Structure formats: structure tokens, C-alpha cells
Amino acid sequence: MARTDEKVRYLPESKPEALTPSSAAIGVENVLRILEGRWNLVILFHLFGGKVLRFSDLERAIPAISQKMLIQQLRQMEADGIVRRIVHHQVPPKVEYCLTDWGQALCPALDALLKWAARKEPADG
């Protein structure tokens, strides 16, 4: 009988592709499409740090957003894989939202953007 462990070989880990100006532009477009919308980043900042918030908690935390817009933004972020929706089957219904691991990984990148924006010199005027 042949030993299969000697026949099976693991593929070496692939190296990340070198970015070209074209592929980088496509990547930036994809990221901006995911983060576009007036409220997406605000919602993300409320969920960072492993927070699990009910829909009503998000409504109270962002009073300027309409219920319809909050639902739309959360659904889109859920479809994009950034937000996880947790439904508790009870009466009254309870729905909670948290970030996926991939969504939580955005935190350092957005933090770097905030630090970059804070370095801007005030405009003379």
C-alpha cells in the first residue's frame, strides 16, 4: 500500500502581487465604494473595539441619521462583509450589530487617516 503523506505536497505561500498604478487605482476604487456614504464611517467608529450594539443604540448614538438610512447603510455593510447582523428570535425582536474581523481590521487604517488629516496646517485666511 502506498503512503499518501509522501505524495501530498503543500503549495508554498503565495507572495502578494506587486501593485501597478492601474491595479492600485482599481483597489482604491473598490475600497471607496465600500466606505462611500455619509454615515458608513460614523457607524464604523461606533462599532470599533468589539462593541455589539442594538439597532436602537446606533439610532441614539447617531441622532442625525434617519432610520431608513441607518438600515440601508447597515445592510450594505453587511453585504460587503464589514458588519455582522445578529438576530435574536424573541418577542420583541432583538437585532444587534458588530464588526466582522475584516471590518475590525479597518481600525488601524482609519486611525492612520485621522492622524494624517490632523497634521494638515490650518489655512491662512
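What pLDDT does the protein chain average, and what share of the residues score at least 70? This is a predicted model, and the chain averages a pLDDT of 85, with 86% of the residues at 70 or above. Broken down by element, strand 1 (residues 53–54) comes out on top with a mean of 96, while helix 1 (residues 21–35) has the lowest mean, 82. Then there is the stretch to treat with some care: across residues 3–8 the pLDDT stays under 50, and the model has 1 contact for them beyond four places in sequence.

With that in mind, let's go inside. The largest nonpolar core has 22 residues, and the members that touch the most others are Ile-43, Leu-44, Leu-74, Ile-82 and Val-83. Who supplies this core? At least two residues each come from helix 1, helix 2, helix 3 (55–61), helix 4 (67–79), strand 3 (94–99) and helix 6 (106–118). Take Ile-43 as a way in: setting aside residues up to four places away in sequence, its contacts are Ile-62, Leu-70, Gln-73, Leu-74 and Met-77.

Now look at what sits around Ile-43. Helix 2 covers residues 40–47, and Val-42 is part of it. Is Val-42 buried or partly exposed? Val-42 counts as partly exposed because its relative accessibility is 30%. Ile-62 turns up again here: its C-alpha atom is 7.9 Å from that of Val-42, though the two residues are 20 apart along the chain.

Asn-40 also belongs to helix 2. With a relative accessible area of just 2%, Asn-40 is buried. Beyond its neighbours within four places in sequence, Asn-40 is in contact with Ile-34, Leu-35, Gln-73 and Met-77. Gln-73 and Met-77 are also on the list of residues that Ile-43 touches.

Out on the surface, Leu-41, Phe-45 and Leu-114 make a nonpolar patch of about 250 Å². Leu-114 is a helix 6 residue, and it counts as partly exposed because its relative accessibility is 46%.

That leaves the charged pairs. How many salt bridges does a search of the whole structure find? The search turns up 4. One of them pairs Asp-80 with Arg-33, with 3.7 Å between the closest N and O atoms. This pair ties together distant parts of the chain, 47 residues apart: Arg-33 is in helix 1, whereas Asp-80 is in the loop between helix 4 and strand 2 (83–88). Asp-80 has a relative accessible area of 16%, so it is buried. Arg-33, at 44% relative accessibility, is partly exposed.

A second salt bridge joins the side chains of Arg-60 and Asp-57, at 2.7 Å from N to O. Here both partners lie in helix 3, 3 residues apart, which is about one turn of the helix. Arg-60 is exposed, at 59% relative accessible area, and Asp-57 is partly exposed, at 28%.

Lys-94 and Glu-96 form another salt bridge, their closest N and O atoms being 3.7 Å apart. Why does Glu-96 count as buried? Its relative accessible area is 14%, and buried means under 20%. Lys-94, at 22%, counts as partly exposed.

Note on methods
Residues are numbered from 1 along each chain as its sequence is written. This is a predicted model: local features need pLDDT of at least 70, side-chain atom pairs count only at pLDDT 80 or more; totals for chains, interfaces and linings use all residues. Side-chain values use heavy atoms; hydrogens and water are left out. Helices (H or I, at least four residues) and strands (E, at least two) are DSSP runs, numbered from the N terminus. Buried means under 20% relative accessible area, exposed over 50%, partly exposed in between (1.4 Å probe, protein chains only). pLDDT is the predictor's confidence in each residue, from 0 to 100. Contact means heavy atoms within 4.5 Å. A nonpolar core is a set of buried Ala, Val, Leu, Ile, Met, Phe, Trp, Tyr and Cys residues joined through side-chain atoms within 4.5 Å. Patches are made of residues with over 30% relative accessible area and no salt bridge: like charges are joined within 9 Å, nonpolar side chains (Val, Leu, Ile, Met, Phe, Trp, Tyr) within 5 Å. Accessible areas come from the Shrake-Rupley method with a 1.4 Å probe; for residues, only the protein chains shown count as cover.
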